[in-house]
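Here is a short set of exercises with worked solutions. Have the sequence and the model open, and try each task before you read on.

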Amino acid sequence: MVTSVDICGVHFKNPVVPASGTFGFGLEMAPVYDLNLLGGISLKGTTRDPRFGNECPRIAECPDGMINSVGLQNPGIDALLRDKLPALRSLYGGVVIANVSGFSVEEYSECCARAASAPEVDMLEVNVSCPNVHGGGLAFGTSAKAAAEVTSAARKACGGKPVFVKLSPNVTDIVEIAKACEEAGADGLTLINTVLGMRIDIRSRKPVVANRYGGFSGRAVFPIALRMVNQVSRACNIPIMGCGGVSRAEDVIEMMMAGASLVQVGAENLRNPMVCKEIVESLPLVMERLGINDINEIIGIV
């Protein structure tokens, strides 16, 4: 039974990867179970400078999901390189994916170069869902031109390490943006990021989240994520990490059939911290039940 996947010269023992922002820097879960059973870990999004994040409250519960407006709270790139990466690597021998965010092309480039220089980092994931402070406040990921510009800068900054670009679903045509990133040099794509949503406290008559809107994630977004993964996989020739609403091994199989080579587990980690372990352990059983001997054979079959 083959569950391993090789992507961009990087070996994953299985396709299961905790998504950025839902697993911290991996260290928080190390006392709970052996991290080495995971295929990879996408670390908490890192910016050049430390960020406290958005005003509280910044989490809202939803049926089959949640809204968050955390605002990229993180200790900054210096702390990542100095503290987080060495500590994680002392416990974990699998694939480490550094997730980089920025508010200008220059910041992306600097953070990518520094993260890629770390021996503990195997690949980069560039989140283009951040506001472009020099472009009217729109997220880089909502414009094919801006996304391509960030992708090109990241690709140049990362040397030989693979660069995946994480795309926002809050766009008219995700395929256009995916193709622009591919043409700009992306080695792969991660999709989807959260869907913009809102909750209102009907007693106080105010938004639940202080920032008014936030990113909606969880089981409810799975069909949207699956559709976008399938659309992009049919239009592009680079590997995809599928993300959005994954909560069980069957979802991993479905996401890979849609075109994903790797599958990230996001919000479900916050509901059930053991979910990645459970998925990894049950994946061979589900494969056997479905008559799948090699998980690579089902990638993009639909």
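**Exercise 1.** Work out whether E250 is buried, partly exposed or exposed, then find its salt-bridge partner.

*Solution.* Start with the classes: buried means under 20% relative accessible area, exposed over 50%, and partly exposed in between (1.4 Å probe, protein chains only). E250 has a relative accessible area of 25%, so E250 is partly exposed. Next, look for a salt bridge, which is a side-chain nitrogen of Lys or Arg within 4 Å of a carboxyl oxygen of Asp or Glu. E250 forms one with R289, and their closest N and O atoms are 3.0 Å apart. This pair links distant parts of the chain, 39 residues apart: E250 sits in helix α6 (residues 249-258) and R289 in helix α8 (residues 275-290). Helices (H or I, at least four residues) and strands (E, at least two) are DSSP runs, numbered from the N terminus. Finally, R289 is exposed, because its relative accessible area is 56%.

A note before you continue: this is a predicted model, in which local features need pLDDT of at least 70 and side-chain atom pairs count only at pLDDT 80 or more, while totals for chains, interfaces and linings use all residues. Residues are numbered from 1 along each chain as its sequence is written, and side-chain values use heavy atoms, with hydrogens and water left out.

**Exercise 2.** How many salt bridges does a search of the whole structure find, and what links E268 to R271?

*Solution.* The search finds 10 salt bridges. One of them joins E268 and R271, with the closest N and O atoms 2.6 Å apart. Both residues lie in helix α7 (residues 268-271), 3 residues apart, which is about one turn of the helix. Now check accessibility: E268 counts as buried at 6%, whereas R271 counts as exposed at 57%. Salt bridges with shared partners join R219, E268 and R271 into one network.

For a further pair, turn to R82 and D83, whose closest N and O atoms are 3.0 Å apart in a salt bridge. R82 counts as exposed at 56% relative accessibility, and D83 as partly exposed at 37%.

**Exercise 3.** Compare the expected span of helix α2 with the distance between its end C-alpha atoms, and then describe where its buried residues point.

*Solution.* The expected span is 1.5 Å times one less than the number of residues. For the 12 residues of α2 (residues 105-116) that gives 16 Å, and the end C-alpha atoms are 16 Å apart, which agrees. Next, list the buried residues of α2: V105, E107, Y108, C111, C112, A115 and A116. Seen down the axis of α2, they fall within an arc of 160 degrees, so they line one face of the helix. The arc is that of the directions from the helix axis to the C-beta atoms. Last, find what they pack against (contact means heavy atoms within 4.5 Å): α1 (77-89), β7 (95-100), β8 (123-127) and α3 (144-157).

**Exercise 4.** Which peptide bond leading to P57 is cis, and where is P57 found?

*Solution.* Check omega: the bond from C56 to P57 is cis, with omega near 0 degrees. P57 is in the loop between β4 (40-42) and β5 (59-62). Then look at the bond from L191 to I192, also cis, with omega near 15 degrees. I192 lies in the loop between β10 (188-191) and β11 (195-197).
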